[in-house]
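Visitor: I have a structure open here and I'd like to know what lies behind the labels people put on it. Can you take me through it?

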Amino acid sequence: MEPILVESITYDGVCQECGAEAKWCGVQALVGEELRWDVESTCPACGSALAVCGGDLPDELRGRLLSEHGWATLQVGPPTRNATVMRVLRAELGIGLDGIKAVLEQVLTGQYSGTLPEMEFLARKLRASGVDASASRAGD
Ligand SMILES: [Zn+2]
């Protein structure tokens, strides 16, 4: 079992019930081979609690995570099995044949990037297919 990878951020927002200032906490987590996210807040003024999760990661939360924690890149170590890498990435990213070459090029040159849980998610899928893959963040 792979360890759970969690990336979180706390930011100032307002309560959706009463409009008071409230702290919001956003989380993206890689649990096993599943990416999850949620955003939650408990209002100090009215006690109202809100939690949102499910579906695709919202762009706003993704942007906050990336600006707080920075971009991570996906690396595949030699010997690279390009056909396998392309097959896994196509399956996981839902990219067509025409787009996958550009993505593969980005991966091979260390340019393919996203949040750390997103990159580790792909690295785990690749490792499960026998590809030596890892995710890392500049500065880690
Ligand atoms: Zn409130």
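Visitor: What makes β2 and strand β3 (residues 34–42) count as a pair, and in which sense do they run?
Guide: Bear in mind that this is a predicted model. The rule asks for at least two bridges between the strands. β2 and β3 have 8 bridges, in the antiparallel sense, so they pass the rule. One of the matches sets Cys-25 against Glu-40 in β3.

Visitor: What joins β2 to β3?
Guide: A hairpin, with 2 residues between the strands. In its turn sits Gly-32, with a positive phi of about 65°.

Visitor: How do you know that β3 pairs with strand β4 (residues 49–53)?
Guide: Same test: at least two bridges are needed. Here DSSP gives 5 bridges, antiparallel, so β3 and β4 are a pair. Asp-38, for example, has Cys-53 in β4 as its bridge partner. These two strands also form a hairpin, this one with 6 residues between them, and Gly-47 in the turn has a positive phi of about 80°.

Visitor: What holds strands together in general?
Guide: Backbone hydrogen bonds pair the strands of a sheet, either parallel or antiparallel.

Visitor: Which strands make up the open sheet, and why are two of them called edge strands?
Guide: The order is β6-β5-β7, with antiparallel pairing. β6 (113–114) and β7 (133–137) are the edges, as each pairs on one side only.

Visitor: How many bridges link strand β5 (residues 72–76) to β6?
Guide: They share 2 bridges, antiparallel. At least two are required, so the pair still counts. Thr-73 stands opposite Ser-113 in β6.

Visitor: What is the overall pattern along the chain?
Guide: Reading along the sequence, you get β-β-β-β-α-β-α-α-β-α-β, which comes to 4 helices and 7 strands. The C-alpha atoms fill a box of roughly 55 × 30 × 30 Å along the principal axes.

Visitor: Where are the domains, and how far apart are their C-alpha centres?
Guide: Domain 1 covers 5–69 and domain 2 covers 72–137. Their C-alpha centres lie 27 Å apart. The contact draws on 11 residues from domain 1 and 12 residues from domain 2.

Visitor: What is the area buried between domain 1 and domain 2?
Guide: About 1100 Å², and carbon and sulfur atoms give 57% of that.

Visitor: Why is the meeting of Lys-125 and Glu-33 called a salt bridge?
Guide: The cut-off is a side-chain nitrogen of Lys or Arg within 4 Å of a carboxyl oxygen of Asp or Glu. For Lys-125 and Glu-33 the N to O distance is 3.1 Å, so the name fits. Between domain 1 and domain 2 the count is 3 salt bridges, alongside 5 residue pairs in polar contact.

Visitor: Which elements supply the side of domain 1 that touches domain 2?
Guide: β1 (5–14), β2 (21–31) and α1 (59–69) each supply at least two residues. α1 gives the most, with 3 residues. By type, the residues on that side divide into 5 nonpolar, 3 polar and 3 charged.

Visitor: How many salt bridges are there by this rule, and what about Arg-124 and Glu-2?
Guide: The count comes to 11 salt bridges. Arg-124 and Glu-2 meet at 3.8 Å, N to O, and the limit is 4 Å, so they qualify. Arg-124 lies in helix α4 (residues 116–128) and Glu-2 in the segment before β1, so the pair ties together parts 122 residues apart in sequence.

Conventions:
Residues numbered from 1 in each chain as written. Predicted model: local features only at pLDDT ≥ 70, side-chain atom pairs only at ≥ 80, totals over all residues. Heavy atoms only, no water. Domains from an automatic or database assignment. Contact = heavy atoms within 4.5 Å. Buried area = accessible area lost by both parts, 1.4 Å probe. Polar contact = N/O pair within 3.5 Å; in protein donor to acceptor, adjacent residues only side chain to side chain. Nonpolar A, V, L, I, M, F, W, Y, C, P; charged D, E, K, R; others polar.
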